[in-house]
Amino acid sequence: MTTAVNPDQPIRVVVWGENRHEQEQQEVRDIYPDGMHTTIREGIEEHLGDRAAATTVTLDDPEHGLTEDVLQNTDVLVWWGHAAHGEVADEVVERVQRHVLAGMGLLVLHSGHWSKIFGKLMGTTCTLRWRSKDDREIVWTVDPTHPIAQGIPHPFIIPAQEMYGEFFDVPAPDELVFLSTFSGGEVFRSGMTYRRGFGRIFYFSPGDQDYPVYHQDEVRKVIANGVAWARTLRPERTTPTLLRYEPEDFYNGHGYEGAMAN
């Protein structure tokens with residue numbers, strides 16, 4: 001599997017949306033009449049302009065919209081899910097994981113912390129504490145030098161949001177970019193990066209379906225910055241492979257099937 005990445009070409013972004021709340025709850029449809037996935041896509045286009053070519057797919061599309069062909073031609077996948085994590089087919093999750101390990105970027109948003117793909121990549125329960133009511137979230141920049149934090153006010157305030165709090169059962173991140181605080185005194189690691197294989201992952205928590213969070217400019221800017229950061233520039237997309245190298249031959253590894261076979 002090879003997919004050339006040209007740094008002069010737009011970032012190929014696919015925004016994956018569960019698209020269930022918008023279909024079933026009028027109050028969510030009032031906030032996101034075209035679906036949260038569309039609003040997220042529009043924010044990426046607004047901030048990246050010609051630097052990105054963004055499309056959307058949803059859970060109810062064939063193969064959840066994530067066919068092999070789609071993923072081969074995706075630089076960064078953005079994921080929002082909540083009510084139907086269990087409906088995502090395991091074979092699609094395996095496919096997405098393979099592409100992440102091979103170099104596709106992945107942004108996981110809000111309740112996507114409990115998605116099959118995020119749990120598979122993290123290897124933990126990904127559970128947390130939460131409170132579903134109007135709350136105020138203050139998002140603090142922990143690493144102002146990080147590319148994802150560029151142009152983001154320190155701090156910025158989300159007037160109405162669901163509370164997520166620690167303990168958040170995920171591995172220690174490679175980088176902690178944002179930390180959130182809430183009116184009840186809770187804190188949460190709300191913006192974190194990981195590297196798995198050749199792929200870059202950014203988890204960003206703001207974005208409950210009951211609030212217009214994805215219409216807020218600071219949130220849209222963070223997601224757009226995350227998309228730009230998550231694209232990896234490699235000449236081809238391949239998974240890390242165990243190869244055998246002879247002395248002084250640093251560039252030509254042999255295929256290796258395992259100790260008993262070699």
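Is Glu-45 buried, partly exposed or exposed? In this predicted model, Glu-45 is partly exposed, with a relative accessible area of 30%, where buried stands for under 20% relative accessible area, exposed for over 50% and partly exposed for what lies in between (1.4 Å probe, protein chains only).

## Basis of the model

Residues are numbered from 1 along each chain as its sequence is written, and side-chain values use heavy atoms, with hydrogens and water left out. Because this is a predicted model, local features need pLDDT of at least 70 and side-chain atom pairs count only at pLDDT 80 or more, whereas totals for chains, interfaces and linings use all residues.

## Overall form

The protein has seven helices and eleven strands, these being DSSP runs numbered from the N terminus (helices H or I, at least four residues; strands E, at least two). Its C-alpha atoms fill a box of roughly 60 × 40 × 35 Å, taken along the principal axes, and of the 262 residues 50% count as buried.

For 262 residues, a compact globule would have a radius of gyration near 18 Å, and the 19 Å of the protein agrees with this; the radius is taken over C-alpha atoms, and the globule rule is 2.2 Å times the number of residues to the power 0.38.

## Salt bridges

Side chains of opposite charge can pair when their charged atoms come close. Where a side-chain nitrogen of Lys or Arg lies within 4 Å of a carboxyl oxygen of Asp or Glu, the contact is taken as a salt bridge, and by this rule the count comes to 15. One of them joins Arg-41 to Glu-45, with the closest N and O atoms 3.3 Å apart. Both residues lie in helix H3 (residues 36-48), four residues apart, about one turn of the helix. An α-helix has 3.6 residues a turn, so residues three or four places apart point the same way. Arg-41, like its partner, is partly exposed, at a relative accessible area of 22%.

Arg-95 forms a salt bridge with Glu-63, the closest N and O atoms being 2.9 Å apart. This pair links distant parts of the chain, since Arg-95 belongs to helix H5 (residues 90-101) and Glu-63 to the loop between strand E2 (52-58) and helix H4 (68-72), 32 residues apart. Arg-95 is buried, with a relative accessible area of 15%, whereas Glu-63 is partly exposed at 42%. In the salt bridge of Arg-98 with Glu-68, the closest N and O atoms are 2.8 Å apart, and this pair too links distant parts of the chain, with Arg-98 in helix H5 and Glu-68 in helix H4, 30 residues apart. Arg-98 is partly exposed at 34% relative accessible area, and Glu-68 is partly exposed at 25%. Salt bridges that share partners also join Arg-20, Asp-60 and Glu-87 into one network.

## Nonpolar cores and helix H7

A nonpolar core is a set of buried Ala, Val, Leu, Ile, Met, Phe, Trp, Tyr and Cys residues joined through side-chain atoms within 4.5 Å. The largest one has 37 residues, of which Ile-44 and Phe-178 touch the most other members. Helix H7 (residues 217-230) supplies the largest share of this core, seven residues. Apart from it lies another core, of 33 residues, including Leu-66, Leu-71, Leu-121 and Leu-128.

H7 is mostly covered, ten of its 14 residues being buried, among them Val-219, Ile-223 and Trp-229. Ala-228, which lies in the same helix, is partly exposed at 26% relative accessibility. The C-alpha atoms of Ala-228 and Asp-75 are separated by 9.7 Å, although the two residues are 153 residues apart along the chain.

## Aromatic contacts

The structure holds nine aromatic pairs, in which the ring centres of Phe, Tyr or Trp (its six-membered ring) lie within 6.5 Å, with planes under 30 degrees apart counted as stacked, over 60 as edge-to-face and the rest as tilted. Phe-168 and Tyr-203 form a tilted pair, 5.5 Å centre to centre with 50° between the planes. Phe-168 lies in the loop between strand E6 (156-165) and strand E7 (175-182) and Tyr-203 in strand E9 (residues 199-204), so the pair ties together parts that are 35 residues apart in sequence. Phe-168 is buried at 0% relative accessible area, and Tyr-203 also counts as buried, at 0%. Both residues belong to one aromatic cluster with Phe-118, Tyr-164 and Phe-188.
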